[in-house]
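Subject: Structure for your review

Dear colleague,

Please find below the structure that I am handing over to you. My findings follow it, arranged by topic.

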Amino acid sequence: MATSKIKQILSTPVTCKTLCLSFSSFTSDQNSTKTLISTAVSILRQQRSKSRWSHLQSLFPEGFTAAEASQIALEIKNNPHLALSFFLWCHRKSLCNHTLLSYSTIIHILSRARLKSQALGLIREAIRVFDDSDECSAQPPRIFESLVKTYNSCGSAPFVFDLLIKACLNSKRIEQSISIVKMLRSQGISPTISTCNALIWQVSRGRGCLAGYEIYRELFGSWDDEFNEKAMVRLCPNVHTFNALMVCFYRDGGVEKVEEIWAEMGRWDCNPNAYSYSVLMAAFCDEGRMREVEKLWEEMQIKKIEHVIVAYNTIIGGFCRIGEIERGEELFREMELNGIQSTSVTYEHLLKGYCEIGDVDSAVILYKDMCGKGFSAEARTVDLMITLLCTNRRVHEALKLLRVAMGNVEFAPRGKSYETLIKGFCEERKMEEALKLQSEMVGKGFKPNFEIYSAFIDGYMKQGNKEIAETLRKEIFETQMLQEEN
């Protein structure tokens, strides 16, 4: 469809004649059709919900054409819930073979009333029913052209196209979303900023951050671009636009690009929020640039931007990674004094920090506090805790920690945890406990490796049980031979 049709249709004033002309299916018996419509509308408006549907069906057992159903819906558009009920009732009772026309009409009515979820559901249904193109097609779905043609007759608003774009994005029809945005913008019709941000986010996730950035530049241009009078619209990005771009580049490891987006946000005179600072701080933390992180932290205080939990977790994690656990503890205490509730992520950062510096007592105390608050540690953190305890010859305590973690049905122990515990028990010559763990480990699908065999051999040798040790050596040799043959 030529994009020039869009503006022509959308710019036409709404009149009563327009309403009639949009329904070209009226025939020579127009008077009887008008009577049908007025009767149906009267029943819908005046009768109670329990009686109206049975009365309608008794009067019109053959149902309605799509054009008639559309006209009836338009007559009651000021009661959008009733219009929707009528549309769905006709479909459920097979009293109307709904077409693009009737779908477009009810979608316009619902969009005009800001009944977003209901309108989105019908748009998705219309795409599924009437569109046979695949997700990669750039051709807009057929419902788009129908919505354009019925726009004025339904007294609609541009919000309907935002819903269409979002429906396409929800259905992973990114190319179609891009095409619709381009067509609308070429005629001076702009989607809302939230729709533009959703498009940037989906493109970034599906095709990478560079593709998302290209869409951003196409939608907003550059901060110093001259106003394009031909497009008749100049959108300005908001903080959520820049946050989406920063997050995508951060996840792809593009720290330099994150800084570029941050600088561009300033050139647009857009004020960053707490989340913006958190993303930039996370990028700096990953590179160990903690002095710059502290400057950002102070800047937030000066600008009276609240230090939310995401920001606290970011900076605490950064200090713990570089071994400055005391600074992390200080921020943790400050956070609690300020009434900000810690999360499992907060504890994870601190636990990993304690494990890195070998502070076993602090790690155990914090882990108990974490469990007491109902949080569960990740499997990798449990591995670190078990390794730290076993290194300090607290193997039974390490096993107890694993059992507590396994009390959470969502926790899945890793082979590394079993390996560390088995080696710890073997070093203490507690071979029976080690064998029980090895049996449990195999039952969970982990195969004993060379490290575990070696631990058992050393344990039995310390016990003076050379016979079992020699048997295990032969088993290792045979296993290696089989692996080489395969």
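Among the contacts in the protein chain that link residues at least 6 apart in sequence, 65% join residues at least 24 apart. Please bear in mind that this is a predicted model. The protein chain has 27 helices and 0 strands. Of its 486 residues, 48% count as buried. The exposed area of the protein chain comes to about 24900 Å², and 50% of this is supplied by carbon and sulfur atoms.

Three helix pairs

Two packed helices are described by the angle between their axes and the distance between the axes. I have followed that scheme for each pair below.

I begin with helix α3, residues 30–46, and helix α5, residues 66–75, whose axes lie 10 Å apart at an angle of about 45 degrees. This angle makes α3 oblique to α5, because it falls neither under 35 degrees nor in the range from 65 to 115 degrees, nor over 145. The crossing of α3 past α5 is right-handed. On the α3 side, the contact is formed by Thr33, Leu36, Ile37, Ala40, Val41, Leu44 and Arg45. Glu68, Gln71, Ile72 and Glu75 contribute from α5. Sorted by class, the residues of this contact are 6 nonpolar, 2 polar and 3 charged.

The next pair is α6 and α7, which span residues 80–92 and 100–112. Their axes come within 9 Å and cross at roughly 155 degrees. As this angle is over 145 degrees, α6 is roughly antiparallel to α7. In this pair, α6 passes α7 in a left-handed crossing. From α6, the contact draws on Pro80, Ala83, Leu84 and Phe87. From α7, the contributors are Ser102, Tyr103, Ile106, Ile109 and Leu110. Here the classes are 8 nonpolar residues, 1 polar residue and no charged residues.

The last pair consists of helix α13, residues 209–220, and helix α14, residues 239–251; their axes come within 9 Å, and the crossing angle is roughly 160 degrees. That value makes α13 roughly antiparallel to α14. The two helices cross in a left-handed sense. Cys209, Leu210, Gly212, Tyr213, Tyr216 and Phe220 of α13 take part in the contact, together with Thr241, Phe242, Leu245, Cys248 and Phe249 of α14. Of these residues, 9 are nonpolar and 2 are polar, while none is charged.

Two residues with positive phi

Which loop holds Arg114? Arg114 is placed between α7 and α8, the latter covering residues 116–130. Although Arg114 is not a glycine, its phi is positive, at about 60 degrees. Its relative accessible area is 51%, so Arg114 counts as exposed, given that the threshold is over 50%.

Arg393 belongs to the loop between α22, residues 379–391, and α23, residues 395–406. Arg393 also is a residue other than glycine with a positive phi, in this case near 55 degrees. With a relative accessible area of 62%, Arg393 is exposed.

Two residues and their partners in space

Is Ser94 buried or exposed? Ser94 has a relative accessible area of 66% and is therefore exposed. Ser94 sits in the loop between α6 and α7, the two helices whose left-handed crossing is described above. In sequence, Ser94 and Gly63 are 31 residues apart, yet their C-alpha atoms are 7.8 Å apart in space.

Ile457 is part of helix α26, which runs over residues 450–463. The relative accessibility of Ile457 is 7%, so this residue counts as buried, the limit being under 20%. How far apart are the C-alpha atoms of Ile457 and Glu470? The separation is 7.7 Å, for two residues that stand 13 apart along the chain.

To locate these points in the structure, I suggest beginning with the contact of α13 with α14, then turning to the loop residues Arg114 and Arg393.

Yours sincerely

How values were computed:
Residues numbered from 1 in each chain as written. Predicted model: local features only at pLDDT ≥ 70, side-chain atom pairs only at ≥ 80, totals over all residues. Heavy atoms only, no water. Helix = DSSP H or I, 4+ residues; strand = E, 2+ residues; numbered from the N terminus. Buried < 20%, exposed > 50% of the residue type's maximum accessible area, 1.4 Å probe, protein only. Contact = heavy atoms within 4.5 Å. Areas by Shrake-Rupley, 256 points an atom, 1.4 Å probe, with all protein chains shown as cover. Axes fitted to C-alpha atoms, helices over the stretch in contact; angles between N-to-C directions. Left-handed = near helix turned anticlockwise from the far one by under 90°. Nonpolar A, V, L, I, M, F, W, Y, C, P; charged D, E, K, R; others polar.
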